[in-house]
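Please open the model in a viewer and keep the sequence at hand. The tour below proposes a series of selections and states what each one contains.

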Amino acid sequence: MRVPYADKTHIKVPSNGLSDEQVLFLGDIFPTGWQAAVQCDIQPTDTVAVWGCGPVGQMTIRSAILLGAKQVIAIDDVPERLTMAQAGGATTINFDEESVVERLNDLTDGKGPEKCIDAVGMEAHAGGSFDAVYDKVKQTLMLETDRPHVIREMMYVCRPAGTLSIPGVYGGLLDKIPFGAAMNKGLTIRMGQTHVNRWTDDLLRRIEEGQIDPSFVVTHRVDLEDGPGMYKTFRDKEDGCVKVVLTP
């Protein structure tokens, strides 16, 4: 059963006043989004572009806003996820409806964002774009494992001397990465698994102070036995699914 993510009336509240769902995501997606933003060394004058509005992307967007970015731009093609990103303070781009490159140029006066974050990873795609077709052929021939569309696009649009942050997971071999462009622009690239323990105390404090309630991302709450079906719902981006909580 789908439960509106704003409805928390049935959730157990521990003695510290925080619900289980408010602290649940300290184990993964909140620290991941936070580290992705922290790695960018965000300044008050920065425009931060975030590719991917899934759970990690949503936490990244709010983290960038908490860290004081002047403008946060969220890129995806799932309407419900874009709506959630917009509710968090982001300007949105639906890449099915408009050119990401052209829209980013419009929003940054032709200079490009200072900070770019890949919250998608190896499963990125770009509809019928040339590089999407190229990646599909390479994967079919087992000459490539991941689809690096977002990395390519970030290197192309990022402002010179900017930063690329990559919390999105890559598992193997990538092809046709414009590394020369990144080198000649002087881009900084930061990536890696999340150092969860490093951020937990600070993020818990921010939750307790009311700076953020990570449970905003929950769109579905179901029994554990319904888990397999909800994995499919999430994978296929059906029923407005962004994040599922399973109850044993």
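**A salt bridge within one helix**

Begin with R205, which counts as partly exposed at 33% relative accessibility. The model is a predicted one. Add D202 to the selection; its relative accessibility is 25%, and D202 too counts as partly exposed. Both residues belong to helix α9 (residues 196-208), where they are three residues apart, about one turn of the helix. Their side chains form a salt bridge with an N to O distance of 2.5 Å.

**Salt bridges elsewhere**

Next, select D131, D135, E144 and R152, which are joined into one network by salt bridges that share partners. Within this group, display the side chains of R152 and D135, which meet in a salt bridge at 2.8 Å, N to O. Because R152 lies in helix α7 and D135 in helix α6, this pair ties together parts that are 17 residues apart in sequence. Are these two partners buried or exposed? R152 is buried, with a relative accessible area of 10%, and D135 is buried as well, at 1% relative accessibility.

Move to R103 and E98, whose side chains form a salt bridge of 3.8 Å, N to O. R103 is partly exposed, with a relative accessible area of 27%, and E98 counts as partly exposed at 32%. A search of the whole structure finds 14 salt bridges.

**The nonpolar core**

Now select W51, I75, I93, L104, C116, M154 and L164. These are the residues with the most contacts inside the largest nonpolar core, which has 20 residues. Colour β1 (47-51), β2 (71-76), α5, α7 (149-157) and β5 (163-166), each of which supplies at least two residues of this core. Which element gives the largest share? It is α7, with five residues.

Centre the view on L164. Leaving aside residues up to four places away in sequence, L164 touches C116, M154, M155, C158, L187, T188, I189 and R190.

**A nonpolar patch on the surface**

Switch to a surface representation and select V133, V137, L141 and L143, which make a nonpolar surface patch of about 370 Å². V133 lies in helix α6 (residues 130-140) and is partly exposed, with a relative accessible area of 46%.

**Two loop residues with positive phi**

Most residues other than glycine have a negative phi. Select D109, in the loop between α5 (100-107) and β4 (115-118); its phi is near 55 degrees, a positive value. D109 is exposed, with a relative accessible area of 69%. Then select D239, found in the loop between α10 (227-235) and β8 (244-247). Phi of D239 is also positive, near 55 degrees, while the residue counts as partly exposed at 43% relative accessibility.

**The whole chain**

Finally, clear the selection and display the entire protein chain, which has ten helices and eight strands. Its radius of gyration is 18 Å, close to the 18 Å that the globule rule gives for 248 residues, so the chain is as compact as a globular protein of that length. Along the principal axes, the C-alpha atoms fill a box of roughly 55 × 40 × 30 Å. Of the 248 residues, 48% count as buried. The chain exposes about 12,500 Å², of which carbon and sulfur atoms supply 54%. Among contacts with a separation of 6 or more, 71% are accounted for by residues 24 or more positions apart.

Conventions. Residues numbered from 1 in each chain as written. Predicted model: local features only at pLDDT ≥ 70, side-chain atom pairs only at ≥ 80, totals over all residues. Heavy atoms only, no water. Patch = residues over 30% accessible without salt bridge, like charges linked within 9 Å, V, L, I, M, F, W, Y side chains within 5 Å. Areas by Shrake-Rupley, 256 points an atom, 1.4 Å probe, with all protein chains shown as cover. Salt bridge = Lys/Arg side-chain N within 4 Å of Asp/Glu carboxyl O. Helix = DSSP H or I, 4+ residues; strand = E, 2+ residues; numbered from the N terminus. Buried < 20%, exposed > 50% of the residue type's maximum accessible area, 1.4 Å probe, protein only. Rg over C-alpha atoms; globule rule 2.2 N^0.38 Å. Contact = heavy atoms within 4.5 Å. Core = buried A, V, L, I, M, F, W, Y, C linked by side-chain atoms within 4.5 Å.
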